[in-house]
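Colleague: I would like to learn how to read a fold like this one. Can we go through it feature by feature?

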Amino acid sequence: MASETTLTDRTAHLLNEARYLNLATTRDGTPWVATLEYAWFADPLRFVFGSATGSRHSRDIRCEPRVSGSLFVTAGATGVAIAPVDGAQFTGRCTEIGADLLDEYYRPFYETVFPDAGQREQWRLPRELLQPPAAHRLYLVVVERWWLIDTRTWADDRIDRRIELPLDATTQARLSPHLDARAAAP
């Protein structure tokens, strides 16, 4: 079995290197998936993304806060050749970030998604446009369960498996030093 340190290192790599996460929502039995830029935070593991309040996934979240999602990185795939890939899947709960938490997430979200100051200035919404009655919000996903691709037995049986990484205090402590290196990139 893979060690938790290895799984935690893989998790930190995925969180820092994947540019987008896929977020699945549902309402009235109808599923939907949105691809979103994100920033991540540890202890507890959580994602922040921005979206219009009228988007399908935002409307779904207001009705049903339980979500699932995935993120992945490839080793520079080009053309149609299959490239090495690593990925994760998760479940959690998603809510709008209210005025009480906006200051905590606003700056780190925009610095992560737009590490270039010029781009950040061009695309960052002012705080007042992320609160009612404005049409955009930041959203918070608190991750409850986390699985990584586990292909250790692929050569034997060709079955693609997942292995769960418990999000306990030890894992959270190991993730914290890896906290979103994308924001620190030049």
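Colleague: Start with a strand pairing. Which residue stands opposite Tyr-139 in β7?

Modeller: Glu-96 stands opposite Tyr-139. One caution before we go on: this is a predicted model. Now widen the view from that residue pair to the strands. β6 and β7 run antiparallel, and nine bridges join them.

Colleague: Which other strands are joined to β7 by bridges, and how many bridges are there?

Modeller: Take β4 and β8. β4 and β7 are antiparallel, with seven bridges between them. Within that pairing, Phe-47 has Val-141 of β7 as its bridge partner. β7 and β8 are also paired in the antiparallel sense, over four bridges. There, Asp-150 stands opposite Arg-161 of β8.

Colleague: Next, the nonpolar core. Which residues of the largest core touch the most other members?

Modeller: That core has 30 residues. Leu-23, Phe-47, Leu-71, Phe-90, Val-141 and Trp-146 touch the most other members. Then ask which elements supply the core. α1 (4-17), β1 (20-27), β2 (30-37), β4 (46-52), β5 (66-74), β6 (85-96) and β7 (136-150) each give at least two residues. β7 gives the most, with five residues.

Colleague: Where is the rest of the nonpolar packing? How many residues does the second core have?

Modeller: The second core is separate and has 14 residues. Val-48, Ile-97, Tyr-106 and Tyr-110 are among them.

Colleague: Let me take one core residue by itself. What does Leu-71 touch?

Modeller: Leave out residues up to four places away in sequence. Leu-71 then touches Leu-14, Leu-15, Ala-18, Tyr-20, Leu-21 and Tyr-38, among others. Its contacts also include Phe-47, Asp-86, Gly-87, Ala-88, Phe-90 and Trp-146.

Colleague: Several of those are aromatic. How should I read a ring pair?

Modeller: A pair of aromatic rings is described by the distance of the centres and the angle of the planes. The structure holds nine aromatic pairs. For Tyr-38 and Phe-47, the ring centres are 5.4 Å apart and the planes meet at 85 degrees, so this pair is edge-to-face. Tyr-38 is buried at 0% relative accessibility. Phe-47 is buried too, also at 0%.

Colleague: And Phe-90 with Trp-146: stacked or edge-to-face?

Modeller: Stacked. The centres of Phe-90 and Trp-146 are 6.2 Å apart, with 15 degrees between the planes. This pair links distant parts of the chain: Phe-90 is in β6 and Trp-146 in β7, 56 residues apart. Both Phe-90 and Trp-146 are buried.

Colleague: Which residues do ring pairs link into a cluster?

Modeller: Tyr-38, Phe-47, Phe-90 and Trp-146.

Colleague: On to charges. What is the general idea?

Modeller: Side chains of opposite charge can pair when their charged atoms come close. A search of the whole structure gives 15 salt bridges. In one of them, the side chains of Asp-60 and Arg-27 meet at 2.8 Å, N to O.

Colleague: Why does that pair tie together separate parts of the chain?

Modeller: Asp-60 is in helix α2 (residues 56-63) and Arg-27 is in strand β1, so the bridge spans 33 residues of sequence. Check accessibility as well. Asp-60 is buried, at 0% relative accessibility. Arg-27 is partly exposed, at 25%. Shared partners extend the picture: salt bridges join Arg-27, Arg-56 and Asp-60 into one network.

Colleague: Which residue forms a salt bridge with Arg-145?

Modeller: Glu-164, with the closest N and O atoms 2.7 Å apart. This pair also links distant parts of the chain: Glu-164 is in strand β8 (residues 161-164) and Arg-145 in strand β7, 19 residues apart. Glu-164 is partly exposed at 30% relative accessibility. Arg-145 is partly exposed at 40%.

Colleague: Is Glu-121, in its bridge with Arg-124, buried or exposed?

Modeller: Glu-121 is exposed, with a relative accessible area of 55%. Arg-124 is partly exposed, at 30%. Their side chains meet at 2.5 Å, N to O.

Colleague: One last polar case. Which backbone oxygen lies 2.9 Å from a polar side-chain atom of Thr-171?

Modeller: That of Pro-166. Thr-171 is in helix α6 (residues 169-175). At 0% relative accessibility, Thr-171 counts as buried.

Methods: Residues numbered from 1 in each chain as written. Predicted model: local features only at pLDDT ≥ 70, side-chain atom pairs only at ≥ 80, totals over all residues. Heavy atoms only, no water. Core = buried A, V, L, I, M, F, W, Y, C linked by side-chain atoms within 4.5 Å. Buried < 20%, exposed > 50% of the residue type's maximum accessible area, 1.4 Å probe, protein only. Contact = heavy atoms within 4.5 Å. Salt bridge = Lys/Arg side-chain N within 4 Å of Asp/Glu carboxyl O. Pairing = 2+ DSSP bridges. Polar contact = N/O pair within 3.5 Å; in protein donor to acceptor, adjacent residues only side chain to side chain. Phe/Tyr/Trp six-rings, centres within 6.5 Å; stacked < 30°, edge-to-face > 60°.
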